[in-house]
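Here are a few notes to read alongside the model, put together as one colleague to another. Have the view open as you go, and start wherever you like.

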Amino acid sequence: MSEEARIDEVKMEDVKTDDVKWYVVHTYSGYENKVKANIEKIVETRSMQDAIHQVVVPVQNAIELKNGQKKTVQRKVFPGYVLLNMVMNDYTWYVVRNTRGVTSFVGPGSKPVPLTEEEVASMGIDLPREVIDLAPGDAVIVNSGPFEASVGFIKEVNQAKRSVVVTLSIFGRETPLEMDFSQVSKMD
């Protein structure tokens, strides 16, 4: 039996949520956001939300001075690294390790080492996860963006990406649009 077939036998029901810890993966330079998107897509398609909770590329705001103009830009705090809040088992290790752009987990050999609570706290990433009171079928109003003040209905909610797909009537056609949680408000 191949290793991939053996790993696929691991059931997601075996995941214990109290084993969730922060891990660090090394990526190709400049691929941090692509790796984050790839992992989030895998989590969604394989229904692994109970095993991989959060994928973070830590950034900080910096002010650049170009041509006499001040401009705020976001810089990666740890270039070449992505942080994952996840349950570590053979299945999750295999899925993350074989994601395009991931070179390895941080740790000796192939054994990932979780970050300590102090390390996580010092990075300021272990913030309580925001729970959104939106569900498919809810009527919402758009707060910002080009469709501000439009009314639509939630088609799907993605907690991991902090986004919703809202169906709006545009030029007489029902059009699904992905929006951030902050762009919509539930109607009473």
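1. A word on pairing before we begin: two strands pair if DSSP finds at least two bridges between them. With that in hand, look at the later part of the chain, where Ile-154 stands opposite Val-166 in β9. Please keep in mind throughout that this is a predicted model.

2. The strands around that position are worth tracing. β8 pairs with strand β9 (residues 163-170) in the antiparallel sense, over 6 bridges. Strand β8 (residues 151-158) also pairs with strand β7 (residues 139-142), again in the antiparallel sense, here over 3 bridges. Within that second pairing, Val-140 has Gly-152 of β8 opposite.

3. Now to the open sheet. It has 4 strands in the order β2-β5-β1-β6, and the pairing is antiparallel. Its edges are β2 and β6, each of which pairs on one side only. From one strand to the next, the twist averages 30 degrees.

4. Which strand does β1 meet over 7 bridges? The partner is β5, and the two are antiparallel. Two positions help to fix the register: Lys-21 stands opposite Met-86 in β5, and Tyr-23 has Leu-84 of β5 as its bridge partner. As a reminder when you look at side chains here, in a regular strand they alternate between the two faces of the sheet.

5. β1 also runs antiparallel to β6, and 3 bridges join them. The one to look up is His-26, whose bridge partner in β6 is Ser-104.

6. Helix α2 (residues 32-45) passes a simple length check. Its 14 residues, at 1.5 Å a residue, should span 20 Å, and the end C-alpha atoms are 20 Å apart, so expectation and model agree. Just after α2, Ser-47 takes a positive phi of about 50 degrees, which you may like to view on a Ramachandran plot.

7. How does α2 sit against the sheet? The helix packs on it, touching β1, β2, β5 and β6, and its direction makes about 165 degrees with that of β2. The buried residues of α2 are Glu-32, Val-35, Asn-38, Ile-39, Glu-40 and Val-43. An α-helix has 3.6 residues a turn, so residues three or four places apart point the same way. What covers the buried residues of α2 includes β1 (20-27), β2 (52-56), β4 (69-76), β5 (81-87), α3 (90-97) and β6 (102-105).

8. Is Glu-32 buried or exposed? This residue of helix α2 has a relative accessibility of 2%, and because buried means under 20%, Glu-32 counts as buried. Leaving out residues up to four places away in sequence, Glu-32 touches Thr-27, Val-57, Lys-76, Pro-79, Gly-80, Tyr-81 and Val-82. A polar atom of the Glu-32 side chain also lies 3.4 Å from the backbone nitrogen of Gly-30.

9. There is 1 aromatic pair in the structure. The rings of Tyr-28 and Tyr-31 have their centres 5.9 Å apart and their planes at 70 degrees; since planes over 60 degrees apart count as edge-to-face, that is what this pair is. Tyr-28 is partly exposed at 47% relative accessibility, and Tyr-31 is partly exposed at 43%.

10. Helix α3 lies across β1, β2, β5 and β6, and runs at about 145 degrees to β6. Arg-97 belongs to this helix and is partly exposed, with a relative accessible area of 28%. Where does Arg-97 make contact, if we set aside neighbours within four places in sequence? The residues are Val-102, Thr-103, Ser-104 and Phe-105.

11. The polar contacts of Arg-97 deserve a look as well. Its side chain reaches the backbone oxygen of Thr-103 at 2.8 Å, and a polar atom of that side chain lies 3.4 Å from the backbone oxygen of Val-102. Arg-97 and Val-25 are 72 residues apart in sequence, while their C-alpha atoms are 8.2 Å apart in space.

Technical notes. Residues numbered from 1 in each chain as written. Predicted model: local features only at pLDDT ≥ 70, side-chain atom pairs only at ≥ 80, totals over all residues. Heavy atoms only, no water. Expected span 1.5 Å × (residues − 1). Buried < 20%, exposed > 50% of the residue type's maximum accessible area, 1.4 Å probe, protein only. Contact = heavy atoms within 4.5 Å. Axes fitted to C-alpha atoms, helices over the stretch in contact; angles between N-to-C directions. Phe/Tyr/Trp six-rings, centres within 6.5 Å; stacked < 30°, edge-to-face > 60°. Polar contact = N/O pair within 3.5 Å; in protein donor to acceptor, adjacent residues only side chain to side chain.
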